[in-house]
Amino acid sequence: MKAIQLKNIALVSVVVLLGMGGCKPKNAASAVDAGAAAKAYVAPGKYDEFYNFVSGGFSGQMSVYGLPSGRLLRVIPVFSVDPEKGWGYSEETKPMLNTSHGFVPWDDLHHTELSQTNGEIDGRWIFANGNNTPRIARVDLSTFRTNEIIEIPNSAGNHSSPFITENTEYVVAGTRFSVPPDNVNGDVPINTYKKNFKGTISFVSVDKTSGNMKIAFQLLCPGVNFDLSHAGKGPSHDWMFFSCYNSEQANTLLEVNASQKDKDFILAVNWKKAEEYLAQGKAKKQSVKYAHNVYDEKTHSATSTIETEVQVLDVKDFPDIAYFIPCPKSPHGCDVDPTGEYIVGSGKLAALIPVFSYTKLQAAIAAKDFIGNFGGIPVVKYESALYGEVKKPGLGPLHTEFDGKGNAYTSFFVSSEIVKWNIKDLKVLDRVPTYYSIGHLCIPGGDSRKPNAKYVIAYNKITKDRYLPTGPELAQSAQLFDISGDKMQLILDFPTIGEPHYAQAVSADLIKTKSVKIFKIEDNFNPYVSKGEGQTKVVRTGNRVDVNMTAIRSHLAPDNIEGIKIGDEVYFHITNLEQDWDVPHGFAIKGSVNAELLIMPGETQTLKWVPDRVGMFPMYCTDFCSALHQEMSGYVRVSPA
Ligand code: CUK
Ligand code: CUA
């Protein structure tokens, strides 16, 4: 009885600690000063200075904002179907959402990460993680389209992802949930966690030219929960650092079970060493099943391949791949400063920020200054790797970004604030309230070697009184702060799509000039393309009917289709013949369960339609494209079988 009461008390304490409103800042309105509006103002017709790529959380998508205006420029469909863009509805895009479980039209997207060259953002691609059905996506920044999605085997909850190494050699994927590996029978009692559950970290290589991803190797680790990660830089280039919680290896994550230890870990991984062992043939081949989906802009269509093998290195069998560093209570963020020397851990339940030194870590490893091992992996002595602690900075530190001038900015969920502190002397320099309960934060280039310290953006979990009420649910919120001076200054609130987790921002100059304007019709290799109205046709093969159509202002061709019967499967392959920037055409037909198409100039997209009744079915262009847009329509006649 006593034990139960104690348990309840412990639970109440964690609920209070994690709950909202405990430290809600009071002067919400007065926090904005008069000069703020001018700083966020981008005159009509003028461009923003930065692109901000924001995770869409449980919307499964990524949104793109201009900064400093906070204007929404685009929602890029990644893991979820999107009728506005026909994503996951057209036959060409459906394979992108294929997985080993079949078609999964949704995920939970937490983190965005821009590709880098020599530790600097290069503006080529942006990666995103699927947290639910473990996946990594790559978006091409010349088209703002998701061009590749790779599923991660031996994983469940791809949270510690998609963080990259300095030259985008690898994008990593650490599993949030340890699970029995895919090649053993997972039908085991849940309370055999310690024995049967494993953590994995995947190193997914990225081709320098095409960007194509490949699972180079996986590290099999003791069963803990990998939360976040960041790559080393400069001197620490060969290393990757992962925060992990639940070192208790509890199978139920109540505070009393999973958060009882004073310290969890940061795992330091020497991926160069792992590469050496891989080259020596020391990895074990394991049979698995995962989908690898690639979108080809020549055929304007995706192919999905099921891959069947990964190479696995069990870290406990190698003396020098991985080391645990103790880190106070349930570390969440794990961030490396621009010099590559300082590794910042953030314990969600801690009231201090530990800063580790790469130099000290190396010395401790060389001296074998270990306090034991965990699951066969050496544990470095905390004090030996520690540079120092930021004392009493706030409550519930989560994530840290850097300004490149020797300062760090850490988000505090529980005390709802951003705290600026100096890395060298570990002194707090400034703090601002956020409205409310900030999760991630972002400085343009703030996790790279070259931050552009003009702004910090807060991505908040709660909005409450910031916007007009919209029923039981309120818009999620981001807040923009000017950090060009010594003190942070709030200049703008803007709503976001879905729950924002991590986001990255980059100078617009790096991307805007590379933007593709049209797809050239002569480069269209879709097998169903019609490169002119003269090439359109209707072809019947059994009960399959292929309609090769064109769309150009202002008609669909053909626009009268007869001879369709109940039981037919009709594929409308529509080529947009336009060769002007931003003249998409849409396509829909009455009763279509595959929503609609949106077809870019020069592109071909296909809508599959199975008529369910006899009769007359109007079809039309859904995107207002000219004065005669309403005329861009036609009829399909459906007759009995
Ligand atoms: S998590 Cu969201 S606040 Cu998924 Cu990166 Cu930390
Ligand atoms: Cu084409 Cu409206």
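The exercises below, each with a worked solution, concern a predicted model.

**Exercise 1. The two domains**

Give the bounds of the domains in the protein chain and state how far apart their centres lie.

Solution. Start with the domain assignment: domain 1 covers 23-512 and domain 2 covers 521-639. Next, take the C-alpha centres of domain 1 and domain 2, which lie 41 Å apart. Then turn to the contact, which takes 12 residues from domain 1 and 16 residues from domain 2. Finally, sort the residues on the side of domain 1 that touches domain 2: 2 are nonpolar, 5 are polar and 5 are charged.

**Exercise 2. An open sheet**

In what order do the 4 strands of the open sheet follow one another, and which are the edge strands?

Solution. The order is 25-26-27-28, with antiparallel pairing. Strand 25 and strand 28 each pair on one side only, and these are the edge strands. On average, neighbouring strands of this sheet are turned by 20 degrees against each other, direction ignored. Now look at one pair in detail. Strand 25 and strand 26 (residues 407-412) run antiparallel and are joined by 4 bridges. For Thr-400, the bridge partner in strand 26 is Thr-410.

**Exercise 3. Arg-431**

Is Arg-431 buried, exposed or partly exposed, and why?

Solution. First place the residue: Arg-431 belongs to strand 28, which spans residues 428-433. Then count the other C-beta atoms within 10 Å of its own; there are 17. A buried residue needs 20 or more, and an exposed one has 12 or fewer. The count of 17 falls in between, so Arg-431 is partly exposed.

Continue with the contacts. Setting aside neighbours within four places in sequence, Arg-431 is in contact with Glu-417, Ile-418 and Val-419. For Val-419, compare sequence with space: Arg-431 and Val-419 are 12 residues apart in sequence, and their C-alpha atoms are 4.4 Å apart.

**Exercise 4. The shell around ligand 1**

List the residues around ligand 1, and find which strands each supply at least two residues of the shell.

Solution. Going along the chain, the residues around ligand 1 are His-110, His-111, His-159, Leu-228, His-332, Leu-398, His-399, Gly-439, His-440, His-501 and Tyr-502. Now match these residues to the strands. Strand 6 (109-117), strand 25 (397-402) and strand 29 (438-442) each supply at least two of them. For strand 6, the range 109-117 takes in His-110 and His-111. Last, divide the shell by residue type: 3 residues are nonpolar, 8 are polar and none is charged. Strand 25 thus appears here as well as at an edge of the sheet in Exercise 2.

Terms used
Residues are numbered from 1 along each chain as its sequence is written. Chains are lettered from A and ligands numbered from 1 in the order in which they are written. This is a predicted model: local features need pLDDT of at least 70, side-chain atom pairs count only at pLDDT 80 or more; totals for chains, interfaces and linings use all residues. Two residues are in contact if their C-beta atoms, placed from the backbone, lie within 7 Å. A residue is near a molecule or strand if its C-beta atom, placed from the backbone, lies within 6 Å of it. Ala, Val, Leu, Ile, Met, Phe, Trp, Tyr, Cys and Pro count as nonpolar, Asp, Glu, Lys and Arg as charged, and the others, Gly among them, as polar. Two strands pair if DSSP finds at least two bridges between them. Axes are lines fitted to C-alpha atoms, for helices over the stretch in contact, and angles run from 0 to 180 degrees between N-to-C directions. Domain bounds come from an automatic or database domain assignment.
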